[in-house]
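I opened this entry to record what I looked up in the structure, taking one element at a time. The structure is shown first, and my notes follow.

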Amino acid sequence: MHNSKAHIWFIAPAIVLMIIILIFPLFLAGGISFTDYNLGNKTFEWVGLENYDKMFNRKTYVKMIWATATYVIVVVPISVVLGLCAAMLLNSLRFGADIYKTIFFLPVMATLLAMAIAWEFTLHPTLGIVNSFLANGCGGVREFILGFHWLPWVDSQESWYAVACANNMDFPYWLKQKNTAIWTVCFIGIWQAFGFNMVLYLAGLTSIPRELYQAAEMDGAKSTWEQFKLVTWPMLGPTTLFVVTITTIRTFQVFDTIEILTKGGPSKTTYVMMYAIFEKAIQQNLTSIGAAITVVFIGFILVLTFFQRYVIEKRVHY
Amino acid sequence: MGTISLKNISKSFGSTQVLNNLNVDINDGEFLTLVGPSGCGKSTLLRIIAGLEQQTSGDVLIDNKNVNRVRASERDLAMVFQSYALYPHLTVRRNLETPLRLRDYNAFERLPLIGNFSPSKKEKTESINQLVNKTSETLKISELLDRKPGQLSGGQRQRVALGRAMVREPVAFLMDEPLSNLDAALRVHMRSELSELHNSLKTTFVYVTHDQAEALTMSSRMAVMIDGNLLQLDTPQEVYDNPSSLSVAQFVGSPKINIFKGTADSSGTISFLNVNLKRKSSESNTDLHIGIRPEHLEITNESNENTFSGTVAYRENLGSDIFFHVNIEDGSNKIIVRGLPQFTHQISNGSSVNIKRVSDKALLFNQAGMRVQFTNA
């Protein structure tokens, strides 16, 4: 080693910036979460774990954890599996793949804010296209398919569709009803996320050497399923790891759709963490509780990242 | 049994004709090499035999059964790919097991966990293990069985790829340039190993290569393909000594055969440079190409009507032989002459030399590149 100090000058700007805009605020948030400080206050008291205690005991915050967990657990697997299926279907197409790629990728490119407003109109209980589509389908094929009348155990008089038709077109108020709001938001989340996953999987699929499929064929892997098991899925391991990680982090961060469509309601069923941070810390100026939620939020993300880094990473790279 | 017949095989991709009405009969237990320059369609032909590619027209017969409509996995052939195509996520043992597992276990037995409840699975697993152990001993890869392909060297991967092909005793082995990713020394070594393997297995080998040396050293017969046409199919010695056309003569043999422009007069007497050949051509009054291989030319001190002279442009010393690249005096040709080091070591670049030919070794080709025979007289 020599004594030149030049290297310090090279890395200093990045380190300083990182400390100022990332590390310091993080510790600040951590510190504030143990106080009763609100923005604008001149003084504050240390309150210990009170903020955290609230979070795990007050109903609102328990609901927040539930809503977030539901959203993540529903959106991540479905959008990943759908993304993979769409990518494999597109990969097998000879013509028209580009059109489908564009269509599926549109929700990713479009501003989610604008898309959310479009969804709000689409799902409007009386004016929305969804409910008018359902209402027009009473007694027809739509009722048969969407009412699940084709399933042997569903009574065609008792299905949700039939009941709604019978009760003067009483279809769900998708975003305004406790039992449908979170699922509707999940649906929009999936619709928005899977196009991105599909593109990542498409890239992953094109990087699988064709000779591997041919080797599998020569080895006697006849069905598509066998070839998928032997070649596609293992070779997509690194892609899947990346897709799952990034989708999880993005779903944890869901905010725009909630802000536009439900504002966390009805009765906090869609009260996800990002929205809670925004509502508490910004709208209600309860900085300390907002900071506590942020710390928990970061905790989740960190656990995920470590899990990815040290547990799964070792199994997908050969 | 392992006979493969190709009848009138043609293949085109769009408007590009890749294979042109090929007929090949491959005998049981034969080591047949498909050799030709890159892009001649040899790999495509191999993939048509394998069933990975569908021919545009013609028939593929394996053991006299038409397999045009039989998919690759059901043709009972094994293939070694140029890139080896090992499954990178599986250990060497699992790689070797894969073809057996896919063929021997039924769908239920392949299921994870519950598949183990099948009563016949244990027995099958036993026999799979035995086969894998036997194969890995033959190929000397037993100590590699628990590694992943990523941890192996090129040569070891090559063996594993061979092992995966060998383990289930197929009707024939198809090999697509299996040695081209190895370094030169290992490639030469693997040539002899492959030949030994072929001798001990006695299974049909169809081997694709662009390297005429591999074809000459290993095969029982070689098929020379150029531009989608099969030009000659014969034993390596016959192809070398008796090429059917100018392209074959130029492709086979290293360094390349020397080609001289010459003429045959009305009596069939052949002359080129200042030399007349003793034998006469069966075609008279025509221009000819006279091919003489480098080892059939000698550097000599004599100077007479049977020698010609030139200047050494480049001296290529291979240790056992020295090849002299010689510019002929009239400037028409650059030829290669083999010299034995003990007689020619003092000749350096720029020296002028006299060159003599070994008699009875010249090959004649007409303007179209087809072989012309000498008259028997």
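**Helix α2 of chain B**

I began with α2(B), where a kink of about 40° lies at T98(B), shortly before the proline P99(B). The model is a predicted one, and I read every entry below with that in mind.

I then checked the length of the helix. Helix α2(B) covers residues 92-104, which makes 13 residues. From first C-alpha to last, α2(B) reaches 19 Å, close to the 18 Å expected at 1.5 Å a residue.

Next I looked up burial along α2(B). The buried residues are V92(B), R93(B), N95(B), L96(B), E97(B), T98(B), P99(B), L100(B) and D104(B). Both the kink residue T98(B) and the proline P99(B) are thus on the buried list. I asked what covers the buried residues of α2(B). The cover includes α3 (121-138) and α4 (154-166) of chain B, together with α10 and α11 of chain A.

**The contact between the chains**

That cover from chain A led me to the contact itself. I counted 15 residues from chain A and 19 residues from chain B in the contact. On the side of chain A that touches chain B, α10 (210-219) and α11 (224-235) each supply at least two residues. The largest share of that side, 7 residues, comes from α10(A). By class, I found 8 nonpolar, 2 polar and 5 charged residues on the side of chain A that touches chain B.

**Chain A as a whole**

I recorded 15 helices and 0 strands in chain A. Its radius of gyration is 25 Å, well over the 20 Å that the globule rule gives for 318 residues, so chain A is more spread out than a compact globule. Along its principal axes, the C-alpha trace of chain A spans about 75 × 60 × 30 Å. Buried residues make up 31% of the 318 residues in chain A. Of the contacts in chain A between residues at least 6 apart in sequence, 67% join residues at least 24 apart.

**Strand β19 of chain B**

I closed with β19(B), residues 352-357, whose side chains alternate. V353(B), I355(B) and R357(B) point to one face and are buried. S352(B), N354(B) and K356(B) point to the other face and are not buried.

I also looked up the pairing of this strand. Strand β15(B), residues 297-300, runs antiparallel to β19(B) and is joined to it by 4 bridges; T300(B) has N354(B) as its bridge partner. Strand β16(B), residues 307-317, pairs with β19(B) in the antiparallel sense over 5 bridges, and the bridge partner of G310(B) is V353(B).

Key. Residues numbered from 1 in each chain as written. Chains lettered and ligands numbered in written order. Predicted model: local features only at pLDDT ≥ 70, side-chain atom pairs only at ≥ 80, totals over all residues. Contact = placed C-beta atoms within 7 Å. Nonpolar A, V, L, I, M, F, W, Y, C, P; charged D, E, K, R; others polar. Rg over C-alpha atoms; globule rule 2.2 N^0.38 Å. Buried ≥ 20, exposed ≤ 12 C-beta atoms within 10 Å, placed from the backbone. Pairing = 2+ DSSP bridges. Expected span 1.5 Å × (residues − 1). Bend = angle between axes of the 7 residues up to and from the residue.
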